[in-house]
Structures are given as C-alpha cells and as structure tokens.
Amino acid sequence: MPTKIFVFSYILVLIGASLYLTQWNYEPYIFSVGAAGVTVYYLTISNQTSDFRFRRLQRMNIFAGIAMIIASVFMFKRQMAWVAFLLISAILQLYTSFVVKDKDS
C-alpha cells in the first residue's frame, strides 16, 4: 500500500511540474500534495537496519523530500527557484537509487 501512495505522489509531482508551463492556477497545489506524499513516504520508511550506509541514504532521501516541499513553496510564489530545488531533489534521489541497487547486487 505505501508503494502505491509513493507512485501516486510522484505522478502528482510530474503533473504539477509539467502543468506549470500552462500557468494554470492549480498546478502548485497538485505539486505540493505530491511532494508532501513523497516526503511522508520517506519519513515513514522503517529504519530497522544498523547499516550506516543505508541510514545515510535514507537521510538523503528525506532531504530530497524536503527540497521538493521547498520547491512547492517557490512554485506558489511564482519564482523560478523551484526548478533548482526540484533538480537538487532529483539528483539526490537518482544517486540514492543507484547506490541502493548497487548494494543489493
């Protein structure tokens, strides 16, 4: 169930980010709900392992979620800084996804 919420939240983030180009009034709301869902997912992942590397990657994901929330604040203010925070979040999540896959191998 949490994975479905995570995927749905990311779909909302993608829709909100792409609708920003249309200057529709509701795209910041869609983006912020998705960003909040992603952040809540990262905050509620169980941290049962004592592996320092995994905990560090999990903290990076939490920081990426917070960066997405900051991006939604800038989206509400109609400032283009939201793109920078979204890029920071994407780079962090991309890095952690490759490192976690590498660790599983």
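Contact here means heavy atoms within 4.5 Å. The model used in these exercises is predicted.

**Exercise 1. Place Phe31 in the nonpolar core and state which residues Phe31 touches.**

Step 1. Leaving out residues up to four places away in sequence, the contacts of Phe31 are Leu12, Val13, Gly16, Ala17, Met68, Ala71, Ser72, Met75 and Leu86.

Step 2. Phe31 belongs to the largest nonpolar core, which has 12 residues in all. Its other members include Val13, Ala17, Met68, Ala71 and Met75, and these five names also appear in the contact list of Phe31.

Step 3. Helix 1 (2-19), helix 2 and helix 3 each contribute at least two residues to this core. Helix 2 gives the largest share, 4 residues.

Step 4. Another core, of 5 residues, lies apart from this one; Leu57, Met60, Ala64 and Val99 are among its members. As a general remark, nonpolar side chains tend to be buried together in soluble globular proteins.

**Exercise 2. Decide whether Thr96 is buried or exposed, and find what Thr96 touches.**

Step 1. Locate the residue: Thr96 sits in helix 4 (residues 81-104).

Step 2. Apply the cut-off: a residue is buried when its relative accessible area is under 20%. Thr96 has 3%, so Thr96 is buried.

Step 3. List the contacts: with residues up to four places away in sequence left out, Thr96 touches Leu57, Met60 and Asn61. Leu57 and Met60 are also named among the members of the 5-residue core.

**Exercise 3. Describe the salt bridge and the accessibility of each partner.**

Step 1. Count: the structure contains 1 salt bridge.

Step 2. Identify the partners: Glu27 pairs with Arg78, and their closest N and O atoms are 2.5 Å apart.

Step 3. Place them: Glu27 is in helix 2, while Arg78 is in the loop between helix 3 and helix 4. The two are 51 residues apart, and the pair links distant parts of the chain.

Step 4. Classify them: Glu27 has a relative accessible area of 0% and is therefore buried. Arg78, at 35% relative accessibility, counts as partly exposed.

**Exercise 4. Trace the aromatic pairs that involve Tyr29, and relate them to the surface patch.**

Step 1. The aromatic pairs number 10. One of them joins Tyr26 and Tyr29 in a tilted arrangement, 6.4 Å centre to centre with 45° between the planes.

Step 2. Tyr29 also pairs with Phe76, edge-to-face, at 5.0 Å centre to centre and 75° between the planes. This pair links distant parts of the chain: Tyr29 lies in helix 2 (residues 27-44) and Phe76 in helix 3, 47 residues apart.

Step 3. Check accessibility. Tyr29 has a relative accessible area of 47% and is partly exposed. Phe76 has 39% relative accessibility, so Phe76 also counts as partly exposed.

Step 4. Relate to the patch: Trp24, Tyr26, Tyr29 and Phe76 make a nonpolar surface patch of about 460 Å². Patch members need over 30% relative accessible area; the values for Tyr29 and Phe76 fit this.

**Exercise 5. Which residues are linked into a cluster by ring pairs?**

Step 1. The cluster consists of Phe6, Tyr10, Tyr41 and Tyr42.

Step 2. Compare with the core: Phe6 and Tyr42 are listed in the largest nonpolar core.

Technical notes:
Residues numbered from 1 in each chain as written. Predicted model: local features only at pLDDT ≥ 70, side-chain atom pairs only at ≥ 80, totals over all residues. Heavy atoms only, no water. Patch = residues over 30% accessible without salt bridge, like charges linked within 9 Å, V, L, I, M, F, W, Y side chains within 5 Å. Areas by Shrake-Rupley, 256 points an atom, 1.4 Å probe, with all protein chains shown as cover. Salt bridge = Lys/Arg side-chain N within 4 Å of Asp/Glu carboxyl O. Buried < 20%, exposed > 50% of the residue type's maximum accessible area, 1.4 Å probe, protein only. Phe/Tyr/Trp six-rings, centres within 6.5 Å; stacked < 30°, edge-to-face > 60°. Core = buried A, V, L, I, M, F, W, Y, C linked by side-chain atoms within 4.5 Å.
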